Amino acid sequence: MSRITVVGAGKYGSTTVQRLAEWDIVEEVVLLDIVEDLPQGLALDMNQSRPVMGNRTLVIGTNDYADTAGSDVVIITAGLPRKPGMSRMDLLEVNAKIVKSVTEEIVRYSPNAILIVVTNPLDQMTTLAAEVSGFPRSRVFGQAGILDSSRFAHFISEATGADIQSIEALTLGSHGKTMVPVPSLCRVDGKPLTEVLAPGTIDDLVKRTRKGGAEIVALLKTGSAYYAPSAAAACMAKAVIEDSGKHMPVCAWMEGEYGIDGVYLGVMAEVGAQGVRHIVVEALTDEEQAALVKAAEAVKAKVADLDEISL
Ligand code: APR
C-alpha cells in the first residue's frame, strides 16, 4: 500500500492533495487537519471527482494520526499565517509549536517516512522538523526552490514570448530576500538567458521573483499563493514515490558542498525514494557562489532564533 499524508487542510494542503490524487501515483492520500470535518469534507468532494477525472487514488480526510500510519511521504503544510500585530518571532513561535507537535505524531506512526516541509518560515521549520524527527537529514527537506524557479521561468516567458516549456530557470539559496537567482544556468530555447535578455531586464525579473509571494498576497487580499506552491510540493513527493532521481532545487542539508556546512539551504538535489540522494553541485559564477554563501549565513542566523523560543 503506497500512501502520502498531507498535514494541514488549508488551500496549500488541499490543492497538493488534489494534484497528487489526480496524478494517480499512490493508492491513498491522507489529508489531516485539527479542524473537525474539514478534511473529511474535502476528501469526499475530491473522491467524487474521480469518475470524471479518471483517477483511482482514494483521499482520506481525518483528524486522527492513526489514519496516517505507514506513510511513505508526509508533507507538512500546517501552520498559521502572520496576523496583524504579530511579530516575526511571534509567528516563529506559533508555527514552531505546530510543526514540532505534527512531527512528533508523524514519527510515531510513520517512522520510515520522507518529510517534506512547506510551513513558513521555511528554513527554520525544516531545521526543526529534522531535529524533532531524529531522521537522517537526507529524509527531511523543504520546498522553496522549485516554486521560485517556476515563478522566475514564468516571468522569463512573459518577457521573451518564448514557450514556457522551453525555459529552464534556477534559483538557489533561500526564500525571499536571500534567494539566489542563477541567470548563468538559465536557458531559453537552449540559449543562455544572458544572450536573450539585457542585464537590466534580468535584474527586474529577479526582483519580481524575489517578491513573487507578496505580489500574489497583495492581489488576493486574504490568504497566500497555493497553485504554484502545491505544484512544487507535489512534484517533490512524486519524485520520492517514483524513486525518479530527478534533479530539483530543494531546501536540503549541506555537508560541505560549495564550502557550506551544517545548514538547510536551497540547492539542486537528486531526489528519490530515500529523499535527497545527493546534492548536485552546479558550476556557479563567483558572484553567484558568494551570494549562496551569504544566504547560508543569513539562514544560520535565522535558525539561531529557534533557540530563543521555548517549545
Ligand atoms: N495540526 C494540523 N493542522 C493544523 C495545525 C495542527 N497543529 N495547526 C493548524 N493547522 C491547519 C489549519 O487548521 C489550516 O487548515 O493548517 C491549515 C493551514 O491552512 P491555511 O491557513 O489556509 O494556510 P495555507 O495557505 O494552506 O499555507 C500553509 O504554507 O506557504 C506556507 O506560509 C504558508 O505556513 C503556511 C503554509
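Two aromatic pairs, that is 2 by the criterion applied, were counted in the structure. In one of them, the ring centres of Y226 and Y227 lie 4.7 Å apart and the planes meet at 35 degrees, so the pair is classed as tilted. The angle falls in the tilted class because stacked planes are under 30 degrees apart and edge-to-face planes over 60. The two tyrosines were also assessed for solvent accessibility. Y226 has a relative accessible area of 17% and is therefore buried, the limit for that class being under 20%. Y227, at 53%, is exposed, since exposed residues are those over 50%. The model from which these values were computed is a predicted one.

Charged side chains were found over aromatic rings as well. R139 is placed over the face of F135, 4.0 Å from the ring centre. K238 occupies a corresponding position over the face of W23, at 5.5 Å from the ring centre.

The domain assignment divides the protein chain into domain 1, covering 3-143, and domain 2, covering 145-308. A distance of 22 Å separates the C-alpha centres of domain 1 and domain 2. Contacts between the domains involve 35 residues of domain 1 and 35 residues of domain 2. The area buried between domain 1 and domain 2 amounts to about 3,000 Å², and carbon and sulfur atoms give 72% of this area. On the side of domain 1, D123, F141 and Q143 supply 22% of the area buried against domain 2, more than any other three residues.

Within the range assigned to domain 1, T5 was examined in its surroundings. T5 belongs to strand β1, which spans residues 3-7. With a relative accessibility of 0%, T5 is buried. When neighbours within four places in sequence are set aside, T5 is in contact with V30, T68, S71, V73, V74 and I75.

Strand pairing was then considered. Strands of a sheet pair through backbone hydrogen bonds, in either a parallel or an antiparallel arrangement. An open sheet of 3 strands has the order β7-β10-β11, with antiparallel pairing. Its edge strands, β7 (167-168) and β11 (191-192), each pair on one side only. Strand β10 (residues 187-188) is joined to β11 by 2 bridges, and these strands run antiparallel. One position in this pairing is defined by R187, whose bridge partner in β11 is P192.

A further set of pairings involves β12, β13 and β14. Strand β12 (residues 246-255) pairs with β13 in the antiparallel sense over 9 bridges. The hairpin of β12 and β13 has 5 residues between the strands, and in this hairpin G256 takes a positive phi near 100 degrees. Strand β13 (residues 261-272) is in turn joined to strand β14 (residues 275-279) by 4 bridges, again in an antiparallel arrangement. The hairpin formed by β13 and β14 has 2 residues between the strands.

Individual bridge partners locate these strands relative to one another. E270 in β13 is the bridge partner of H247, and E270 also has H278 as its bridge partner in β14. A269 stands opposite I279 of β14. Accessibility was also evaluated along β13. Of the 12 residues of β13, 10 are buried, so this strand is largely enclosed by the rest of the structure.

Conventions:
Residues are numbered from 1 along each chain as its sequence is written. This is a predicted model: local features need pLDDT of at least 70, side-chain atom pairs count only at pLDDT 80 or more; totals for chains, interfaces and linings use all residues. Side-chain values use heavy atoms; hydrogens and water are left out. Two strands pair if DSSP finds at least two bridges between them. Rings of Phe, Tyr and Trp (its six-membered ring) pair if their centres lie within 6.5 Å; planes under 30 degrees apart count as stacked, over 60 as edge-to-face and the rest as tilted. Buried means under 20% relative accessible area, exposed over 50%, partly exposed in between (1.4 Å probe, protein chains only). A charge sits over a ring if NZ of Lys or CZ of Arg is within 6 Å of the ring centre and within 35 degrees of the ring normal. Domain bounds come from an automatic or database domain assignment. Contact means heavy atoms within 4.5 Å. Buried area is the accessible area (1.4 Å probe) that two parts lose on being put together, summed over both.
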